[in-house]
Number of protein chains: 2
Amino acid sequence: MSKNLINWLENVLLQGIIITLKAMTSFTEENYLKIIYMLTELNGGNEVSTNELAEHTQTKAASVSDMLRKLAEKNLINYRKYQGVTLTKEGQYIALGVIRKHRLWEVFLVEKLGFGWDEIHDIAEQLEHIDSKELTEKLDKFLGNPQFDPHGDPIPDAKGKMPSMTSCKLSEVPIDQTVVMVGVLVHSPAFLQHLDKNQITLGSTIKIQEISEFDKSYIVLLNNSQSVFISNEVAKNLLVK
Amino acid sequence: MSKNLINWLENVLLQGIIITLKAMTSFTEENYLKIIYMLTELNGGNEVSTNELAEHTQTKAASVSDMLRKLAEKNLINYRKYQGVTLTKEGQYIALGVIRKHRLWEVFLVEKLGFGWDEIHDIAEQLEHIDSKELTEKLDKFLGNPQFDPHGDPIPDAKGKMPSMTSCKLSEVPIDQTVVMVGVLVHSPAFLQHLDKNQITLGSTIKIQEISEFDKSYIVLLNNSQSVFISNEVAKNLLVK
DNA sequence: ATTAATTTTTAGGTTTGTCTAAAAATTTGA
DNA sequence: TCAAATTTTTAGACAAACCTAAAAATTAAT
């Protein structure tokens, strides 16, 4: 009971902080927070370095340093000079809000407007910064409260909670086992178009028939009907269950 | 025939210019162009003054002057110091593109997401700057190529052509005549909510029953069923056909 | 037709987010 | 372990879009 109370209080306070912060968080800052979140995930929770951020923000390390100082002042990141950064609770909340919007818009673009999954990233990068809580929630409802986006990535709920997803790389699955394709680890148009060409989409069943000893490439049975060749590079970037 | 050729050439060239300009036209510049377009319309094609623009951009006259110099350099406006501005052909094209997106998104927000017509302006102000031709055209198709937005304002087509709309103010309609509500001249939430409260919406039929000599207020028959009172202020801002 | 009032522009500054070049800290490796 | 290589930060500048204060042009009024 008292744990519930504390939880509630924490939520209320966080909301208050977030409402204040939101108004003070620019397009650019939102982007940094989003990228820090994603790189931290990739790193397994470890600090993200300045250079890593420079790469992903398409800027120079010096610019990143400036921004990190600023985000730290606003208490959105934990920052010790030369030691990389992680998000604070507030920073994470904002980042998850941006990711939520990005992924919801991606669902809209594919499901409602008929875009291909390889065409939506740049548009969603813009839409993710539209600032209207009501819009986000109505969009979510309109789309049927989807849990995953067109690439299989989980969509956080309005409170920032991610739906759980137990999956592993196809490259980690033993031979002869049948699995379902549930996501991708790389979002480049080239990779996605490659999958399209091989008719591999979310929901496809994949049974591993053969793994080459030479180059670790695969021959798999797709949807119980056709055999296709899959390079190790592809197998490492397919998420299955 | 040769006129067609010239027309085609003009279109191709304009397209070329626009594609180049688009990339160089910022969020803020787009806003100025949109506002100049709308104020010019209101003025019946006359020049828009610096002060007028300052009001509508929520900035100071000095800032407007700066921006006008810049837009003139880019050949987006016709600008003679102290004499106000109008849009060039290229400026108009960009402005109409922004207005097109604004109005299409408004249709989306009302028709698909269930927003009220009094809640959509601020959101559409953000969405109108999303930069993707494919998105705009797919959205247009998804919405069924609407000609008018939820306030009855005409939506320009992809080439910038406005659907024609013959309408007049309710305050100009003679007594006893029956007309159809097709638009509003003011978009403030207060006005729109006032109409909601009186169940006046796009498509309502209105028959003028009585005009008060004292204050020029109206009693009208709404949808052939109920009599409602309408102030002159409201009548002056309702468009009917 | 001048002066007064108003509008518009210019001049000089600020903030945000970027840059290059150079200095400082950390990491690597002989 | 300590010098070299790498990473990160600081210093100083710049462009965009805004500001205030003051100067210039236009418009209005006696």
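This is a conversation about a predicted model of two protein chains and two DNA strands.

Visitor: What does the secondary structure of chain A come to?

Guide: Chain A has nine helices and eight strands. Its C-alpha trace spans about 55 × 40 × 40 Å along the principal axes.

Visitor: And how much of chain A is buried?

Guide: Buried residues make up 43% of the 241 residues in chain A. As for contacts between residues at least 6 apart in sequence, 60% of those in chain A join residues at least 24 apart.

Visitor: On to the DNA. Which residues are closest to strand D?

Guide: A:Tyr79, A:Lys81, B:Ser26, B:Ser63 and B:Lys70 are the closest, out of 20 residues that surround DNA strand D. Of the atoms of DNA strand D that come within 4 Å of the protein, 75% belong to sugar and phosphate.

Visitor: Which side chains have a polar atom by a phosphate oxygen of strand D?

Guide: Among them are three. For B:Ser63 the distance from a polar side-chain atom to a phosphate oxygen of DNA strand D is 2.4 Å. For B:Ser26 that distance is 2.6 Å, and for A:Thr50 it is 2.8 Å.

Visitor: Which elements give two or more residues to that surface?

Guide: From chain A, helix H3 (50-57) and helix H4 (61-73); from chain B, helix H2 (27-42) and helix H4 (61-73). H4(B) gives the most, with five residues. By class, the surface near DNA strand D has eight nonpolar, eight polar and four charged residues.

Visitor: Now strand C. How many residues surround it?

Guide: DNA strand C is surrounded by 21 residues, and the closest are A:Ser26, A:Ser63, A:Lys70, B:Tyr79 and B:Lys81. Sugar and phosphate account for 74% of the strand C atoms that come within 4 Å of the protein.

Visitor: What part of strand C is by A:Asp66?

Guide: A base oxygen of DNA strand C, 3.1 Å from an N or O atom in the side chain of A:Asp66. A:Tyr82 has a side-chain N or O atom 3.3 Å from a sugar or linking oxygen of DNA strand C. A:Tyr32 has a polar side-chain atom 3.4 Å from a phosphate oxygen of DNA strand C.

Visitor: Which helix supplies the largest share there?

Guide: H4(A), with five residues of the surface near DNA strand C. Helix H2 (27-42) of chain A, helix H3 (50-57) of chain B and H4 of chain B each supply at least two.

Visitor: Change of topic. How do the two chains meet?

Guide: 19 residues of chain A are in contact with 19 residues of chain B. The area buried between them is about 1,600 Å², and carbon and sulfur atoms give 76% of that. On the chain A side, A:Leu113, A:Gln126 and A:Lys138 lose the most area to chain B, together 31% of what that side buries.

Visitor: How many salt bridges between chain A and chain B?

Guide: Zero. There are four residue pairs in polar contact between the chains. The elements giving two or more residues to the side of chain A that touches chain B are helix H5 (89-112), helix H6 (121-127) and helix H7 (133-142) of chain A. H7(A) gives the most, five residues. That side has 11 nonpolar, four polar and four charged residues.

Visitor: So how many salt bridges does the structure hold over all chains?

Guide: 20. One of them joins A:Glu29 and A:Lys70, whose closest N and O atoms are 3.3 Å apart. A:Glu29 is in helix H2 and A:Lys70 in helix H4 of chain A, 41 residues apart. A:Lys74 is linked with these two in a network of salt bridges.

Visitor: Is A:Glu29 buried or exposed?

Guide: A:Glu29 counts as buried because its relative accessibility is 1%, under the 20% cut-off. A:Lys70 is partly exposed, at 35%.

Visitor: What about a salt bridge in chain B?

Guide: B:Glu128 and B:Lys34 form one, 2.7 Å from N to O. B:Glu128 is in the loop between helix H6 (121-127) and helix H7 (133-142), while B:Lys34 is in helix H2 of chain B, 94 residues apart. B:Glu128 is buried at 0% relative accessible area, and B:Lys34 is buried at 4%.

Key
Residues are numbered from 1 along each chain as its sequence is written. Chains are lettered from A and ligands numbered from 1 in the order in which they are written. This is a predicted model: local features need pLDDT of at least 70, side-chain atom pairs count only at pLDDT 80 or more; totals for chains, interfaces and linings use all residues. Side-chain values use heavy atoms; hydrogens and water are left out. A residue is near a molecule or strand if one of its heavy atoms lies within 4 Å of it. A polar contact is a pair of N or O atoms within 3.5 Å; within protein, one must be able to donate a hydrogen and the other to accept it, and residues adjacent in sequence count only if both atoms are side-chain atoms. Helices (H or I, at least four residues) and strands (E, at least two) are DSSP runs, numbered from the N terminus. Ala, Val, Leu, Ile, Met, Phe, Trp, Tyr, Cys and Pro count as nonpolar, Asp, Glu, Lys and Arg as charged, and the others, Gly among them, as polar. Contact means heavy atoms within 4.5 Å. Buried area is the accessible area (1.4 Å probe) that two parts lose on being put together, summed over both. A salt bridge is a side-chain nitrogen of Lys or Arg within 4 Å of a carboxyl oxygen of Asp or Glu. Buried means under 20% relative accessible area, exposed over 50%, partly exposed in between (1.4 Å probe, protein chains only).
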